[in-house]
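User: I have a model open and want to go through a ligand site and one residue. Can we keep it brisk?
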Amino acid sequence: MPLLAALAVALCTTMVLVTWSVMGGFLDMLLDSGRNLIGDVAITWPNSGFAYYDELGQMLQDDEMVQAWAPMIETFGLISLPDGRRETVMVKGIQGPSYARVTNYKDTLYWQPLDKPLRTDPHSEDWRLTHHDLWENRYEQGLSLTEPRIDRMGQLVADEPAVVLGIELSGFNIRKAGGWYMPGVPRKFNADGTEEAVDVFMPNSRITLTVLPLDDKGRNIDVTARAFPVANEFRTGLYDLDKNVVLIRLDALQNMLKLHEAQRVIKVDADMPGTELQPESFDQPGEVLTKDPARVTAVIVRAVDGFDAITLKARCREIYAKFEARHQGDVPAQTAIIMSTWEDQNRTMISAVKKETALVLTLFSFISLTAVMLIVVIFWVMVAEKTRDIGVIRALGASKTGIASIWLIYGLCIGLVGSAMGGILSYTIVTNINPIHEWMGNALGITIWDPSVYYFSSIPNQMDAFHAAIVLVGGVLASVVGAALPSLRAANLDPVRALRFE
Amino acid sequence: MSQSPIIHAKDIHKTYRLGRVDVPVLRGASLSVNTGEWVSILGASGSGKSTLLHLLGGLDRCDRKPAGSIAFQGTELVRLSAGAMNRYRSRSVGFVFQFYHLLPELTVLENVLAGAMVRHSFGYLSLKKAMVSRAGELLEVFGLSERLKHRPAELSGGERQRVAIARALINEPDILLADEPTGNLDTLTGNAILDELAKVRSSRGLTLIMVTHDIATARRGDRLVELIDGVVGEQSPLVT
Ligand SMILES: Nc1ncnc2c1ncn2[C@@H]1O[C@H](COP(=O)(O)OP(=O)(O)OP(=O)(O)O)[C@@H](O)[C@H]1O
Ligand SMILES: [Mg+2]
């Protein structure tokens, strides 16, 4: 009986604590991941982008709040995979090193040497554990988004820009139960109904990327397609990104989108300075070569530790205002440029998750009231069973308060035992939730956490000590409250009747 | 034996209410017991013997009207507060019941110590050593030194009753109230226990009030009273 009561407490605390850990962890991951993926603040001007970003970057860098900055281009594109499939993708042009200073790009590069196996890989099956040099090479190429082009004779022809794909994008990587990836051998279906196996390891193959340069009104200028080697793949853990994003070296994308630095030839009339002449007359004297500056659609900024994204956003606005003053008319106005934190960009989703967490916790706490009721019933029965013993103890001189406190302490003990069991159980579940979920999927065919719905490819598996304390103390209190009513009954038993009880 | 009454009950009434029906059990019973005396209360089943014992032991209160009086060493029990009544039960009296009423989850030693725990509550922790040795001595008197760690279920009826007596004596009460202490035992064991009770009583100067419906058992006392129709009837001294 008392074990049953403790079990009820354990199950309820586990239910609430596991939910809170997963949902709360999901929220934390949502909030944290922003910082790791785009830094703290993004300054964006889509489509045509803005110029002089190096100067803006320098101004930002000089500020005490700014840890690092990186230029970036974001656009849409189409990718052709080695098996002939085409996927629409989000294309991000980046400079590897600067991008790595703002984000955790280095950690997300998937193909890099691994010194010791993942905790979930007891047999050391992960490819990355062997061939250290090979992976080191891949890592460097991924970081610089550059791959050497070797001709048939084995001679280095040139370094060429490369792309880095999200690990889930190609569909050629198979996620193992332990959480690591291995290239699989997918099937390719031909038009005539036959199928063949395609054996591809993405970083050894090439893809073709098609992008649409747009003018500042968003009109398409021209379609550009170009083949790139795949330098590496990345895994952020954010399924959306891992499934849809292609990273490419910034200068290559600038070229394709016609956002690169271009020489413009301007003929200045010697008599009338400031007047541009038509290009037909360029061979004549007096011509001047000017540069059309390169442009990017975004600059992302990371704050020095200790400053939050909102403070940094305000500071970025001030800096941008100074920047605009220097290039009046040539860059988007300070009032128009878009400045956003990660939370700004995902506001609907984040607030929805916050509300949902609160809702589910409230519901489960109500459900936990049934556990309190269960304790009331169990204690009521136990008091009834022990009626005669209660009479005996009263005959020995115990007061009503004494009797009540015996039962309350009993309730407290059951709460402590139940909460402790619940704490251990939920800690075990939460820290092993991904293997458990994997097993459920394999053995029972139940998949609750669909990465395409929940954004992250793994379930949050951290337990917050503060949350745990609240829930476990709550479990103990609930047990004491549940024991209170039966304790009162025990205290008010007539000792003479209790002694006659059989 | 001293002739001053340790407890003096006069004209006490006790009526139980069963729904709307009043069931009068005691109707003006009076009893005076001297310090160190052994009184046997004899009576038919249902005559109110246990009821009288519970009233004397402060486990229940007698009717307010008509008002009776129970005085223990001059103190009126009727006027005691609930807390004082609890103290009276734990310090001045010890109960022994027909069906032993040991706590089944506790060992023999713990059962004996239970009385001390109830009396001292938190103070028990500092007295634990003394109490354990006192309980050990008591159990030795009753020949149970080897059974300290046993549960009541592992003991014979006679052994259980000896544990119950040891428990009643742990707080060194002035009066031992025994409700048919041998009622559930064979004559041989019953007599052995009565012998031990007699020994303990004389060595400790204990007052003993014993309820029984067995005349032979009742004769073991100094004095025998009979409860008939809710009043204490014929009183006969047994020691000649
Ligand atoms: N709580 C109660 N409510 C109503 N009647 C009661 C209650 N307790 C006892 N009685 C009645 O009081 C009468 C006396 O009971 P009591 O137990 O004192 O008798 P007894 O002399 O000890 O009997 P026995 O020898 O069988 O133990 C009985 O008729 C009993 O039914
Ligand atoms: Mg009786």
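User: How many Å lie between a backbone N or O atom of Ser47(B) and an oxygen atom of ligand 1?

Analyst: This is a predicted model, so the distance is computed from it. Polar contacts count within 3.5 Å. The Ser47(B) pair, a backbone N or O atom and a ligand 1 oxygen, lies at 3.3 Å.

User: Which residue has a polar side-chain atom 3.5 Å from an oxygen atom of ligand 1?

Analyst: Gly48(B) is not the one: a polar backbone atom of Gly48(B) is 3.0 Å from a ligand oxygen. The side-chain atom at 3.5 Å belongs to Glu180(B).

User: What share of ligand 1 does the protein bury?

Analyst: Taken alone, ligand 1 exposes 630 Å². The protein covers part of that area. The buried share is 74%.

User: Which element gives the largest share of the shell around ligand 1?

Analyst: Three elements give two or more residues each: α16 (495-500) of chain A, and β1 (5-18) and α1 (49-56) of chain B. One of them supplies three residues, the largest share: α1(B).

User: Why is the site of ligand 1 shared between chains?

Analyst: Among the nearest residues are Arg500(A) and Lys49(B). The site is shared because the residues surrounding ligand 1 come from chains A and B.

User: Is Asp389(A) buried or exposed?

Analyst: Asp389(A) sits in helix α11 (residues 387-395) of chain A. Asp389(A) touches Leu102(B), Leu103(B), Pro104(B) and Glu105(B), leaving aside residues up to four places away in sequence. Its relative accessible area is 10%, and the cut-off is under 20%. Therefore Asp389(A) is buried.

Note on methods: Residues numbered from 1 in each chain as written. Chains lettered and ligands numbered in written order. Predicted model: local features only at pLDDT ≥ 70, side-chain atom pairs only at ≥ 80, totals over all residues. Heavy atoms only, no water. Helix = DSSP H or I, 4+ residues; strand = E, 2+ residues; numbered from the N terminus. Buried < 20%, exposed > 50% of the residue type's maximum accessible area, 1.4 Å probe, protein only. Contact = heavy atoms within 4.5 Å. Near = heavy atom within 4 Å. Polar contact = N/O pair within 3.5 Å; in protein donor to acceptor, adjacent residues only side chain to side chain. Areas by Shrake-Rupley, 256 points an atom, 1.4 Å probe, with all protein chains shown as cover.
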